[in-house]
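Student: I am new to this structure and should like to learn how to read its features. Please take me through them in turn.

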Amino acid sequence: MKKLTVSLAVVAFLGACGSADEEQTVTILTHDSFVLSEDQIAAFEEESGYTLRTIAPGDGGVLVNQLILNRDNPQADGVFGIDTFIVRTVLDEGLLAPYTSPLLPESAADLVVDESLTPIDQGDVCINIDTAWFEDEGMTPPVTLDDLTEYASLLAVIDPETSSPGYAFLAATATAYGDEWEEYWAGLLEGGARVSSGWSDAYYADFSGADGNGPYPLVLSYSSSPAAAEGTSYLPDTCVRQVEYAGVVENAANPEGAQAFIDFMLSDDVQSTIPENMYMYPVNDEVELPDAWQQVAELSDAAIRVDPSQLDRRDLLERFAQLR
Amino acid sequence: MTAWRTAWTAAVILPVAFLAVFFLYPTGTMLWRGIWDGGFDLEGMVEVMTSRRTWLVTGQTLVQAALGTIGAILVGVPGAYILYRCSFPFQKAARALATIPFVLPTVVVGVAFRSLLGRGGTLEFLGLDQTITAVILALVFFNYAVVVRTVGSMWQSLDPQAVQAARTLGASPRRAFLTVTLPQLAPAIASSGAIVFLFCSTSYGLVRTLGSPGYGTLETEIWRQSTSLLDNRTAAILSLLQIVIVIATLLVSERLSSRVGRLNLRNHHTTPLTKGDVIPAGITALTILTLIAAPLLSLIARSFRVGDGWGLENYRLLRTSGTGFAGGATVVEAIGNSLRIGLIATVLSLIIGIPLALVLSRSVRGPAAAGQSVLAGAILLPLGVSAVTVGFGFSIALDSPPLDLRNSPLLVPIAQAVVALPLVVRSLTPTLSAIAPGRREAAATLGASPWRVLATIDGPFLLRGLGVAVGFAYATSLGEFGATSFLARPDNQTLPVMIVRLLGRPGESNYGMAMAGAVVLALLAASIMAAAEAARKDTR
């Protein structure tokens, strides 16, 4: 039995190490595309006096489920990476404590959906187009969602069940077409639209632009994608706005630390590196975008804005599954 | 004898406690939370179990796993014969080549197949990219070595006299094989088949990198339910369904492999290749050249591809965290993390695995024997429980002192050790079981202390198996993706996790970097395995 006692003692000791210096540490749950440079982390720790610890277990869905499961004993103080399309679940479940950063820039005021969510960055999910392909074929490119039905055989979209841009596009069509969205999709699918399983499959394997040689000159991606792929562009009228929020976790051990982190994410320095670090746009419109983005990848003026409270994720996905 | 008894009790309790705390407790908590939501929800269970999708997914999982297993056996049995029973020049090299796929991380296998079948790949014209056929081919590729090694080492030790007798009595070579050799090999085939079936039915990283075609498998469906639909109840019920399949597989395999009489085993019997061996030799050559070598070569070739030309650029970029993105861990740092985490995981799995193997290799009778076989089955369970269930389980069960491991750097190595444990134990037990019990008793009767018996009788055998066990543990941990991706934090990102993230990022060089990273990972896993095997002392 001695060995057991020893091993349990070792485990207990290790456990104790894990939970030491609780007051000075701030733990933030993020999605797996979250990036801050080492200098930025050092700056935050210097300014706030907290040690930053981030946990990135997966995409937005994993984050929210982790928050739900750990509700009574949350692991994180704050969370970053909750997007427009999962906001409703977060609010319905009451996972966050009220906090809206006082540093929120004016340009982000209309992105606020609830006092517990501070918008940090945003982006547009849009149909991208291989402009060269359309020129070579002498075809007029599509402009609107309606037009896409005619071009369905040239279009690669992404499975909304397994990918967040895929779901964003489904939500966009549900917003634009109301109850008739299923007919719209039936048209796309019958017309031969490809449903890829993930963003990289769609963009790299199916799309004909972006140094690929796939068969589809139209692909679902982001408004920022053309900045990294010459000869491509996006269709502004097909875009849907995606905002990423940060919040303070309900029952957090260190809510002040989480607040400090949220404020930090709105600082000019972090806002200006969001395009390079996370391929999103800052919510502060006074921050300058990189040159390449200014040329071909500005946010769309015509983006569809969904109302998160109207999105019944489960219902949409189940009805979508019936269509396939 | 009290010292004996205390030592054995500890040897049982330590591994059982480890598995209980780090596997059964978190997994059980997660499953319980999913099913018991303030009360038992029978209606919900019926709803999931009668849903069409549940059965489509289960069907695809079983068909995919069955075809993968049958494929691996069909090409693996001739391979076992040629590579282990026959002798020819460069046999060692051929064996090594055949073994490489198994030590490759599943993510690398997925990437290798995509580089062959996908965009710009040599076999793109076949149109197999993102199809179930591609998944099955990858499963056969991955598991070929399991069948070849398990069946091969058995075949090598079969006494050739039985076949010779049958031939003398007028049996054709085919008849002699079907009526004499095959029944003798059946337990080895069944046992390797069961392991292959388990790997196939729960493969996550492979199916995910290949694009999860069709309805997906139980493993990907559990992932989808809990992380996309946030439906933990359905995920838990599907997890239970998966566990039932695993247990059924183990029972069938146990049944098939125990149906064997005493075999007259000899050491290392090989014969030179003859004209009669042309069919199995042809199948094996074809398998190794096309199925095994082609994806590997394609992966290597793709990693040197830069724009329209060739070069080392993708390898140079491994010092960065990717193009188009700044900050975050670089690939070189991820390699360092992988090696360090793998080392800790290997040590942990040996600390737990060695006592367990010693316990399982003792011949005991009565209720102890029943306990022994339950334990032997239970350690295989980690291979059959969804990574997302284990991952969420860790975060909700190990969340308060003294076991608040959620922020501990040991979390990932512990999870990997749990996954590697079955292979460690499986590679140690056979050599230890080969020790005649009489030798230990004789030593004890002559006055040797239990520790001395252990050191002098078991020790040498243990050392012999240890090389392979270390190799398996390290390679498994290097390649583990499901649980690691779930628990990984930015500062301890491993190479497989990094490769998958690179594959999903925009920027022209990220795909090339993923390929280069995969080649590095494959080289690391294969050389660790090779070094561990070379260090093995063969006392025969």
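The dialogue below treats salt bridges, aromatic pairs and a covered helix.

Tutor: This is a predicted model, in which local features need pLDDT of at least 70 and side-chain atom pairs count only at pLDDT 80 or more, while totals for chains, interfaces and linings use all residues. Residues are numbered from 1 along each chain as its sequence is written, chains are lettered from A and ligands numbered from 1 in the order in which they are written, and side-chain values use heavy atoms, with hydrogens and water left out.

Student: How many salt bridges are there over all chains?

Tutor: Side chains of opposite charge can pair when their charged atoms come close. The rule used here asks for a side-chain nitrogen of Lys or Arg within 4 Å of a carboxyl oxygen of Asp or Glu. The count by this rule is 14 over all chains.

Student: Which residue forms a salt bridge with B:Arg53?

Tutor: The partner is A:Glu161, with the closest N and O atoms 3.9 Å apart. B:Arg53 lies in helix α3 of chain B and A:Glu161 in the loop between β6 and α7 of chain A, so this pair joins two chains. Helices here are DSSP runs of H or I with at least four residues, strands are runs of E with at least two, and both are numbered from the N terminus.

Student: Is A:Glu161 buried or exposed?

Tutor: Buried means under 20% relative accessible area, exposed over 50%, and partly exposed in between, with a 1.4 Å probe and protein chains only. A:Glu161, at 6%, is buried, and B:Arg53, at 23%, is partly exposed. Both belong to a network of salt bridges that also links B:Glu221 and B:Arg224.

Student: Where do B:Glu221 and B:Arg224 lie?

Tutor: They are among the buried residues of α10(B). In this helix, residues 218–227, 10 of its 10 residues are buried.

Student: What describes a pair of aromatic rings?

Tutor: Such a pair is described by the distance of the centres and the angle of the planes. Rings of Phe, Tyr and Trp (its six-membered ring) pair if their centres lie within 6.5 Å; planes under 30 degrees apart are stacked, over 60 edge-to-face, and the rest tilted. There are 30 aromatic pairs over all chains. For A:Phe85 and A:Tyr167, the centres are 6.1 Å apart and the planes at 85 degrees, so the pair is edge-to-face. Both residues, A:Phe85 and A:Tyr167, are buried.
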